[in-house]
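This report covers side-chain pairing and strand pairing in one model. The sequence and structure are shown first.

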Amino acid sequence: MKQKLITALQTFGYPVFLQGTLNPADTYPHTFITFFVDSTDDNAHFDNIVNSVDWHFSVILYSDNPATVNTKPDEIRAALKAAGFIPQGKGNDVMSDEPTHTGWAMDFIYTEHLQI
């Protein structure tokens, strides 16, 4: 599921990182996307076997351009929805470690149907 998310996010042409893996000694890209898995929950069961798992993802867009932070999240949300991710609201502001950047966080669920 992580690769499915990464593939969908890479279509925007920005670097995509697992949250926390950007080297603090490196200069931040002008715009980039991070993500992490908040949790994975068993969803459906049949005969005591898990049939599906809900993956909960947080996706964060960071940029040194406030206009990008204000406009791109709608496009990201639409693209991920088209790829099968379920948006959980519109998102929220997040702080950045770099004073030049601001961020917008969005949460998604993806239901993985298991082959049993």
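The sections below deal with the salt bridges, then with strand 3 and its partners.

## Basis

The model is predicted.

## Salt bridges in helix 2

The structure contains two salt bridges. One links Lys-72 to Glu-75, with 3.0 Å between the closest N and O atoms. Both residues belong to helix 2, which spans residues 66–82, and they are three residues apart, about one turn of the helix. Glu-75 has a relative accessible area of 39% and is therefore partly exposed.

The other salt bridge joins the side chains of Arg-77 and Asp-74 at 2.3 Å, N to O. Arg-77 and Asp-74 also lie in helix 2, three residues apart, about one turn of the helix. Arg-77 has 10% relative accessibility; buried means under 20%, so Arg-77 counts as buried. Asp-74, at 42% relative accessible area, is partly exposed.

## Strand 3 and its partners

How many of the 15 residues of strand 3 are buried? The number is 13, so strand 3 (residues 49–63) is largely enclosed by the rest of the structure.

Strand 3 pairs with strand 2 (residues 31–46) in the antiparallel sense, over 14 bridges. Within this pairing, Phe-32 has Tyr-62 in strand 3 as its bridge partner. The hairpin of strand 2 and strand 3 has two residues between the strands, and Asp-47 there takes a positive phi near 55 degrees.

Strand 3 also runs antiparallel to strand 6 (residues 102–113), and twelve bridges join them. His-56 stands opposite Ile-109 of strand 6.

Methods:
Residues are numbered from 1 along each chain as its sequence is written. This is a predicted model: local features need pLDDT of at least 70, side-chain atom pairs count only at pLDDT 80 or more; totals for chains, interfaces and linings use all residues. Side-chain values use heavy atoms; hydrogens and water are left out. A salt bridge is a side-chain nitrogen of Lys or Arg within 4 Å of a carboxyl oxygen of Asp or Glu. Helices (H or I, at least four residues) and strands (E, at least two) are DSSP runs, numbered from the N terminus. Buried means under 20% relative accessible area, exposed over 50%, partly exposed in between (1.4 Å probe, protein chains only). Two strands pair if DSSP finds at least two bridges between them.
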